[in-house]
Amino acid sequence: MSAQESIKIQTPSESSAINHTLEKDILWMKKALLLAKQAGEEGEVPVGAIIVKNNTDLAAAYNLREQTGNPIAHAEMLAMQQASKEVGNWRLTDTILYVTLEPCPMCAGAIVQARIPRIVYATADPKAGAAGTLYNILQDERLNHQVDVVSGVCAEESSAVLKSFFKDRR
C-alpha cells in the first residue's frame, strides 16, 4: 500500500470550503514533527501542533504538561490559545490545525468550540483518540460544528517518534 493510500480523509459534508493539497499537508506536518521531537527532548510526550491560516503559521506549540504541571497543556490547546491571541478572536475559522497525534476528547472539544474547519493529524491514538478512533467528536452531527479530518499524514514518522520516546522511558 502506498503512503497516499494509507491516508484517510473524512469529510462531514460534500462541499468543503478549504481545498488543500497533500503536499502542503506533508510540509506542515513535517514542521509539527520538529516540534514533537523538541518536546521529546525536553521530557514531554512528543506531540507537536501548528495552526495555519492562509498558508502561514499562526501558532505552533508542543506538549508542556510535565514542565508546567498543567493537565491541559496539550500541544493543540496551547496552539489554539496562541492563535486566538494572534487573531484577536476565539473563533479560528479559516485555519487548519496540524497535529502529530490524534486529538484526545478534551482537545477535540476545544477544536469544535474554536470552530476550526479542518484538522490534519499524523497517527491515531488507540487509547484516547477522539477524531475517529475511539470517539468522533469532531464530526458528531449533534454538535454545533463539524470538522473535516485528514489522518495518516506522516503517520509512520510520528509513530516512530512516539514509540522511541516511550521505549527510552521504560
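I began with the order of elements, which from the N terminus runs α-β-α-β-β-α-α-β-α-β-β-α. I noted that the model is predicted. My tally for the chain is 6 helices and 6 strands.

Next I looked up burial and surface. The chain has 170 residues, and 47% of them are buried. I put its accessible surface at about 9000 Å². Carbon and sulfur atoms hold 50% of that surface.

Then I turned to contacts along the sequence. I took those with a separation of 6 or more. Of these, 61% join residues 24 or more positions apart.

I then picked one helix pair, α4 and α5. Helix α4 covers residues 75-87, and helix α5 covers residues 105-114. How far apart are their axes, and at what angle do the helices pack? I read 9 Å for the axes and about 25° for the angle. Angles under 35 degrees count as roughly parallel, so I logged α4 as roughly parallel to α5. I also checked the hand: α4 and α5 make a left-handed crossing.

Which residues of α4 meet α5? I listed E76, M77 and M80 on the α4 side. Across from them, α5 brings M106, C107, A110, I111 and A114. I sorted the residues of this contact by type: 7 are nonpolar and 1 is charged. I found no polar residue in the contact of α4 with α5. The charged one is E76, because Glu counts as charged.

How values were computed:
Residues numbered from 1 in each chain as written. Predicted model: local features only at pLDDT ≥ 70, side-chain atom pairs only at ≥ 80, totals over all residues. Heavy atoms only, no water. Helix = DSSP H or I, 4+ residues; strand = E, 2+ residues; numbered from the N terminus. Buried < 20%, exposed > 50% of the residue type's maximum accessible area, 1.4 Å probe, protein only. Contact = heavy atoms within 4.5 Å. Areas by Shrake-Rupley, 256 points an atom, 1.4 Å probe, with all protein chains shown as cover. Axes fitted to C-alpha atoms, helices over the stretch in contact; angles between N-to-C directions. Parallel < 35°, antiparallel > 145°, perpendicular 65-115°, else oblique. Left-handed = near helix turned anticlockwise from the far one by under 90°.
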